Every structure is written in C-alpha cells, then in structure tokens.
Amino acid sequence: MAEPFHAGLNKIGMEGSASFVAAQVTDFYENHPYPPPVDDLDAYRKSWDDRRRRAESHLFWPSEPYREDRSLLVAGCGTTQAAHYAMRWPSAHVVGIDVSAKSIAFTQELKRRYALENLEVRQLPLESVAELRETFEYVVCTGVLHHLPDPDAGLRALRDVLAPAGALHVMVYAPYGRAGIYMLQDYCRRLGIGHTDAEIRDLAETLKALPLDHPLVPLLRNSPDFATSAGLADALLHPRDRAYSVPQLMEFLDRAGLEFGRWLRQAPYLPWCGALASAPHHSKLIELTAEGQNAAIELFRGTMVRHSAVTYRKDRPAQNASADFEGDAWLRYTPVHLPDTIVVRDRLPPGATAVLINRNHTYTDLYLPIDELQERLLEKVDGKRTIAEICGQWGDCNLVRDFFRQLWRWDQIVLDTSAAVVSS
Ligand SMILES: C[S@@+](CC[C@H](N)C(=O)[O-])C[C@H]1O[C@@H](n2cnc3c(N)ncnc32)[C@H](O)[C@@H]1O
C-alpha cells in the first residue's frame, strides 16, 4: 500500500491548511465513497462494443487511426470508474489511483469479480502520480480536481504523466448552474451540519421544505446524484469544492501546460445549435472567438453544472485535432456515429422528416430537424465510408459540407480525419 496521503502532499510542498483540507477530503470519501459502490457491471459490459469504442477513440484522437491498446490512467477513480474503463477498453493497460482506501478496496473487488487482468489499482494521491514512473496516452480525471486544496498542482501532475500525443479528459464543476448548491453548502456550514448518517437524513428531510422556486430545486428534482445520501453529501457537505467558468477553465488548463481540444459534448456551447441559432444575437455571437462564444453561451444558458473537456499537451506533435470544413480535406473524413443518438419521427417541425437527438444533451432546444435528402445521406454513415464516398454524385457540395458540419457540431457524429492527415 502507498504511503499515507499527507506524506504525498508534504513532499510536494503543501503543508498547513492545504494538508488539513486534503485530510478532510480523504476523510470525507472514506465515509462516503463515491459513486455509491455497485457490484454488478454486467449491463455496463454489454453496453460497450467496437462501434462505441471507435467513436470514443475519434472523439479524443480524430486524426489517429483507431487503436485499442492505449495506456490509461483514471485519476481519482472512486469506487467504479477504473473498473468501467478496464471493461470498456479490454486491450488497454488501465491504472486507477485514489486517496480513499475504501474506494480502492471496492475497485479491487470488481477487478477480482470480473477478472480484469488489464487493471492495476493503487492508493495514491494524484499529486504524487509521478511515483508510478509511467506515462499515459489517455488520462481521465472527472469530478476530482475541484476538490483538491491546490487544483493547479493536481492538474500539472497529470499533465506531467501525459504522453506527448496523449489526451486528458477533465471534468470540473461549473459555477452558475450550481448556485443553489453553493447557497445550501453555506447554509449547512452556518448550522455546523456534519456528515454523519443522522445529519444527512435530517438534511434530506429539511430539503423537502425548500421553497419551490429555490435555485436548488431543479437540481434536486433532475440530478440522479441527489437520489442517494452519498450524492447528497458529495454535493452539499463537501469540505472543499470550487467551480470553473469557461474562461477560468481555459486559464486553469493554460497554467498547467495544456490546451483545450473540444467539449465532450459541444452542441450546448455553440451558437449554431439550438435556440441561439435563430436568435437576433446569433450574428454577434459568431463574431466572437471560439472561447468567447463558449463563455457567452455558458452565461446565456445559465444552468451548466459541469464542464467536460478533451485537452492535450501544448507541446504535442503537430496535428489537426479539430475538424476543418474550410478547404476540401473534409471530403476525406469518415463520419462515425456517436452512441446515444436517436432519430425521432413524431411531433416534427414543418418540413422535417425526422429530428436527431443526442440523449446526453439535457437542453430541450437541442434537437436537429432534417429533411428527406439529409436522411438519405445520414443512412449511408457506417463508420467506413468517407464523406466523398457517401455523397457520391450528389450535386451540391456546399449542402453536403454544411450537413456534415452540422451533424458534427450537434454531437451526432465524430470524424475520423486520419485519411485526410495522411494525404495532406
Ligand atoms: C466525486 S469522486 C469521483 C470519482 C470518479 N472520478 C467518478 O467520476 O466516478 C472524487 C474522488 O476523488 C478522490 N480524491 C480526492 N482527492 C484526491 C487526490 N488528491 N488524489 C486522488 N484521488 C482523490 C476521492 O477519494 C473520490 O474517490
């Protein structure tokens, strides 16, 4: 077993109040392992197939041919996430680290039960990840950095073990959609509410008396996190929790030597998707830089609770991570369906033969109406044909380009751009 969490922190120069906060966070997760442990991953295993893996691979590495054998680090893996990744990527070497002994024990049990030979688990603070003496092509850190006493030190440590062409998936809290949570955190602090089972029970009961128009109420109603006492404690009684607006996230990445690649789901951040596409301000929004658009739209939407981003090292080998629809390279891109996308055919807007939805989107304005010709193009997307092959003798190249750009912006497809990179 690794040395205690404090030792790791003191080594990287965080003492006094920082190590006190770190100890509180560790103690918190020992008492409330997150997410609530599960012992049955059969459904999860069944939900992952080659198509899904390929979509994930091109989401993170659009210009690399599909690969399954990456080295993968799950930093702050909690009770289940590392086992999930080991199942989802059976040919990858997966390492899960966490400060919580309980979370590590739950993960070890899943490893044993499902014979996950490709999974290695260590109790280790992510600030000390260099001790593993390994680099990783794929680093996943979701729901962790915003709880650290020094998130910058944590992100830098992860950046330092990221392979040069690697990708880091980071998820941190977003401030505006969590306003109600921060009010209740402050409320609980003022009352000195701790996180014993009895205190959490009383808190859950008291929340039933919240005014119906309190900003926390929609979250209590809609977020599965509040359905369990671990989730409730994680949201309202956490000893350490900060959030990042879009500009703050970009600065956070920059300070760690990372650059933003894309949002895991980008449509909610884009002026071309949803209600803003036809609002009078659309023309003003598209004049802004990409970051300016994202920052403005976070304010406009008002209810984002987290940001999930795909990020890369600033000094990674040159490659075009973003899709480019300006020249003619897009004709050599291969569209790959994203999972969780569905075609709906009832209550259609005028002129539409179907509406496309990504079930991971929570905003109700994010549905994409398509017509009969577009449907015919969509039917030919099989993850093998390039856009040029799909459109064949199709007359209007601009219409085809606009449609595939739309599908990409709306999180219906990702693009395998490797053929375009090879031939450029
Ligand atoms: C909210 S949970 C998220 C778990 C997992 N990433 C997921 O998304 O399901 C946060 C996890 O981070 C862990 N953690 C907190 N501080 C840490 C640190 N300094 N190093 C590694 N893990 C840490 C906690 O023990 C806890 O398991």
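In what order do the three strands of the open antiparallel sheet run? In this predicted model, the order is β9-β10-β11. The edges belong to β9 and to β11 (368-370), each of which pairs on one side only. From one strand to the next, the twist averages 25 degrees. Three bridges hold the register between β10 and β11, which pair in the antiparallel sense, and one residue pair to look for here is A354 with its bridge partner I370 in β11.

The loop between β9 (341-344) and β10 (354-358) is also worth a look, as R347 sits there. R347 is not a glycine, yet its phi is positive, at about 50 degrees. R347 has 6 C-beta neighbours inside 10 Å, so it counts as exposed. A positive phi turns up again at D411, another residue that is not a glycine, this time with a value of about 60 degrees. D411 lies in the loop between α17 (397-409) and β12 (413-416). Is D411 buried or exposed? With 26 other C-beta atoms within 10 Å, D411 is buried, whereas R347 is exposed.

On to the other sheet. Seven strands make up an open sheet with mixed pairing, and reading across it gives β3-β2-β1-β4-β5-β7-β6. The edge positions go to β3 (119-123) and β6 (258-263); each has a single partner strand, so one side of each is left without a neighbour in the sheet. The twist in this sheet averages 20 degrees from one strand to the next. At the β6 edge, the pairing with β7 (residues 306-313) is antiparallel and runs over five bridges. F260 can serve as a landmark there, with T311 in β7 as its bridge partner. Over at the β3 end, helix α6 (residues 101-113) lies across β2 (93-98) and β3. The angle between α6 and β3 is about 165 degrees.

After β6 comes a loop that leads to α13 (282-285), and L276 is found in this loop. Why does L276 count as buried? It has 20 other C-beta atoms within 10 Å, and 20 is enough for a residue to be called buried, so L276 qualifies. Setting aside neighbours within four places in sequence, its contacts are P271, H281, H282, L285, I297 and F300. One of these, I297, is 21 residues away from L276 in sequence, while the two C-alpha atoms are 8.8 Å apart in space.

Now for the helix pairs. Two packed helices are described by the angle between their axes and the distance between the axes. For α12 (residues 246-255) and α14 (residues 290-301), the axes come within 8 Å and cross at roughly 135 degrees. The two helices are therefore oblique to each other. On the α12 side the contact is made by V246, P247 and M250, and on the α14 side by E291, N294, A295 and E298. Sorted by class, this contact has four nonpolar, one polar and two charged residues.

The other pair is α9 (residues 197-207) with α11 (residues 229-236), which pack at an angle of about 85 degrees with their axes 10 Å apart. That angle makes α9 roughly perpendicular to α11. Which residues of α9 meet α11? They are I200, L203 and A204, and they meet S229, L232, A233 and L236 in α11. Six residues in the contact of α9 with α11 are nonpolar and one is polar, with no charged residues.

That leaves the ligand and one unusual peptide bond. There are 22 residues around the ligand, and those that come nearest are Y29, G76, G78, S100 and G143. Two elements, α2 (17-31) and β2, give two or more residues to this shell. By class, the shell has eleven nonpolar, eight polar and three charged residues. As for the peptide bond, Y34 and P35 are joined in cis, with omega at about -10 degrees. P35 is located in the loop between α2 and α3 (42-46).

Methods:
Residues numbered from 1 in each chain as written. Predicted model: local features only at pLDDT ≥ 70, side-chain atom pairs only at ≥ 80, totals over all residues. Pairing = 2+ DSSP bridges. Helix = DSSP H or I, 4+ residues; strand = E, 2+ residues; numbered from the N terminus. Axes fitted to C-alpha atoms, helices over the stretch in contact; angles between N-to-C directions. Contact = placed C-beta atoms within 7 Å. Buried ≥ 20, exposed ≤ 12 C-beta atoms within 10 Å, placed from the backbone. Parallel < 35°, antiparallel > 145°, perpendicular 65-115°, else oblique. Nonpolar A, V, L, I, M, F, W, Y, C, P; charged D, E, K, R; others polar. Near = placed C-beta within 6 Å.
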